[in-house]
Amino acid sequence: MSELIQVVDSAQEISGAARRLREIGRLKEIHPQVVLDIFEQWAAALDDRELRKVSGMTFLRLWLRRGNLEPLLLRELGSGVLNGGWWEDGRARLRAFPLGVVGHWPAGNVEIQPILSMTCALLGGNCCLVRVPSGLVCTMQRVMEKLEQVDSKGVMTERIFMASFDHSRTDLHESMAQTVDGAIIWGGEEAVTQVRRLQFPHWARILVFGPRVSAGAMDAATWGDRVERASWCRRIARDVWQFDQQACSSPQTLFLERGEGCDPSEFVEDLREAFDEENRHHPRQQIEPGMTSAISLVRASWLLESEKNRALFPASPDWTILLGENADMPKPTQGRTLTVLVVDDLLKAISKFDGTLQTLGLGVADPEREEAIAKLAGRSGVDRIVKLGRMHVFSSPWDGTELIRPMVRLVRHVASQT
Amino acid sequence: MSTPAEIEQGIERLLQKAPYSVDSEQRHRALLDLLKKELAYACEKNTRFRNFVEHWPADFRDAERIADLPYLPVGVFKSNPPLALVSADHVARTLTSSATTGQTPSRIVLDTATARRMSKGVITIVRDFVGPSRRPYLVVDTPENLAAQTQLGARGAAIQALRSFATEIVCCLGSGQRGNSDPNFSGLNEEKLLACAAKWKDTEVLVYGFTYVIWTELVQPLLRRGVTLNLPNVRVLHSGGWKRLEQQAVTRDVFIDGVAALFGCGPDRIVDYYGMVENVGVIYPDCDQGNKHVPNFAEVIVRDPLTLAPVRAGERGLIQVCSVLPTSFPGFLLLTEDMAEVIGYGDCSCGRKGISFRFSGRAPKAEVRGCGNLDSTRYQPTQWGGVV
């Protein structure tokens, strides 16, 4: 195993690693241009046949590109950030300084999340203490080996300590929490609540992502368009398949606004083809038996609930489309199960959102209507409104908050002689 | 509308034969034909069930294998009102599953005909394992579970299913709370038990109890004090799963050794069986090879969780139970949440025909993972009633 992922068994190992990271952070500033250069090379190195199979790897490579990260830095930290020095702010000057050591608690279900989380803190000049979920250790090892290859002087890798330990080791979580200046926490309600309960230093900044769900919405002009419909369905299938529908940005429900002469049955037939096609390209390699039971149950329960409900699914648990009429989002099943709900008015359905909804994927023909939908969605707690097919594009802000700035201190200097 | 005569006759024909006597191919043909008729009947009786069947990826009328017929997951019987094929005035009894705390139990409605077939099915199977004679029946439970009730739990149903083997019935536990290990029991009526043991010393005795009840309420307290019953001709049937005992680190071997020591019998006299209220009239006792078998009027398909296709011998998967016995609810073809390993599809060396399998535990419930794990709403708890 690479030295970058350590199997940790004692609190001392964690506190020792944090001490070393803090020392490195204090002694060695890292220029944003250096970070961007290394990330650019890392992105190229990740174009590897084996790593391409990792869910989200294509996205990670794009994420790490300078063309993606530079605008992000500029937007969050201002135009002066790229020269690494101070920039004018009226009669004062500002400069971004790292918080110090940032702890990362990524979720176990998104393979590239430890890297995404870590890069946000590294861009701010921080050092990172990352708890790698046990199921992601092998993937992380391969990804970090690529970083080691491109970072021959170790200027980046020396700022990272990746720790692997059982999720039940409260003592090690506790030790990690006590040694960090900031924390980025991802995952479901239980995981997030447990990590938030840890004793962080009073100055530590805590950034929490999750738990959320996502949905899609289409107006009749879009989903009723027989020419473009297949292409929209492929986008939706892509959004459902990525991260196996377990990400907070994965659509669980799709709202279709009723329209004159538009038949939802035709739409779900196209969707079926898109799901079949996506499944051919990305078949499941494994499934928990409990998920198979849950998929079987939601299929049957949906059809038994009302004679008006429809469903499309193969004999296997590969995918499921449930079609009905209701503005209330059902409990998510995941497992590539998309509930398609026909509603009279998208605005009415969106007005029922309560803040649990993170991303709204849209397919709306009329820009004025989209404007109204976006405004209402924002007021109803939605944090991201994007085009269907781009629901997982990780960008700032995410969950309504910036990604780099929260782990950075903006120091204000008013010169004493002015 | 009553059950069509051809369905009734078909079920009776299968019930009349020795339960494990029909060869696989012949049984498959008979069951497939009957199950198709029952599915058609159920579609006529329940429009929502018909909606489910019509959306199945393949038309059941064209199916050439039982494995291709539409099956329901057992979880659908947690609905209220219960999923039924008879009107409320034809319901003779409602069975409820033994749901663990906080869970919704399954509710199964029985009309008179299904209840009668249920008894007959269980008797036919048990007779094959313990013989046909009537004998004293010791129930390791409370007398309340023997009472005629319109609502009956899983324990009560299992206890009552064996009463036709009884010359006399003795329940050795009292009910009500008295601060012992299980708040449902007030403890063992030891005096009565010892008197019965002395009286039945040389006779065949049938004992039934839930596995964890036998262990915690009978075996543990008596063996701890060195009490034994000296009933070598006993047959101890137990069911209900191992979860609670596994939590106490009691293995099968420890359980069998303890029960055998208490009764003074051989370990072969203790029979564990798998069953569930949704699969009325069918139980799956272990044979002397440690395998479970399927009677003529039923079938078991073990499905690969990844594909839902039947697994090969030696592989594990989700258990689907199939039975022609119920006509008051659509319980013909049910995907359970339990796992099993298929030992073989040929005949077992115990002499029973058809599939042999071994139960391997409950499939852990799938958690809605990561960011999708929502247990509460954030802003307005009164909205989105469907999200929990």
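This passage walks through the domains, strand pairings and nonpolar core of a predicted two-chain model.

Chain A is a convenient place to begin. The domain assignment splits chain A into domain 1, covering 5-210 + 399-413, and domain 2, covering 213-387. Measured out over C-alpha atoms, the centres of these two domains of chain A are separated by 33 Å. Where they meet, seven residues of domain 1 of chain A are in contact with eight residues of domain 2 of chain A. The domain 1 side of this contact in chain A consists of one nonpolar, five polar and one charged residues.

Chain B is likewise assigned two domains, with domain 1 made up of 5-87 + 287-362 and domain 2 of 116-274. Here the C-alpha centres of domain 1 and domain 2 of chain B lie 29 Å apart. The contact between them involves 10 residues of domain 1 of chain B and nine residues of domain 2 of chain B. On the domain 1 side in chain B, eight of the touching residues are nonpolar, two are charged and none is polar.

Within chain A, several strands can be followed through their partners. Strand 7 (residues 182-186) of chain A runs parallel to strand 8 (residues 205-209) of chain A, and five bridges link the pair. One of the bridge partnerships joins A:Trp186 to A:Phe209 in strand 8 of chain A. Together with helix 8 (residues 189-196) of chain A, strands 7 and 8 of chain A form a right-handed β-α-β unit.

Further along chain A, strand 10 (residues 251-257) has seven of its seven residues buried. Strand 10 of chain A pairs in the parallel sense with strand 9 (residues 213-218) of chain A over five bridges, and A:Ala215 has A:Thr253 of strand 10 as its bridge partner. Five bridges also connect strand 10 of chain A with strand 13 (residues 337-343) of chain A, again in parallel; in this pairing, A:Glu257 is matched with A:Val343.

Finally, the buried nonpolar residues deserve a look. In soluble globular proteins, nonpolar side chains tend to be buried together. The largest nonpolar core of the model holds 232 residues, and the members touching the most others are A:Leu129, A:Val180, A:Ala183, A:Ile321, B:Leu35 and B:Val140. Helix 12 (residues 289-305) of chain A supplies the largest share of this core, eight residues. For B:Val140, the residues touched beyond four places away in sequence include B:Cys172, B:Leu173, B:Val207, B:Tyr208 and B:Ile214.

Technical notes:
Residues numbered from 1 in each chain as written. Chains lettered and ligands numbered in written order. Predicted model: local features only at pLDDT ≥ 70, side-chain atom pairs only at ≥ 80, totals over all residues. Domains from an automatic or database assignment. Contact = placed C-beta atoms within 7 Å. Nonpolar A, V, L, I, M, F, W, Y, C, P; charged D, E, K, R; others polar. Pairing = 2+ DSSP bridges. Helix = DSSP H or I, 4+ residues; strand = E, 2+ residues; numbered from the N terminus. Right-handed = clockwise from strand over helix to strand, strands pointing away. Core = buried A, V, L, I, M, F, W, Y, C linked by C-beta atoms within 7 Å. Buried ≥ 20, exposed ≤ 12 C-beta atoms within 10 Å, placed from the backbone.
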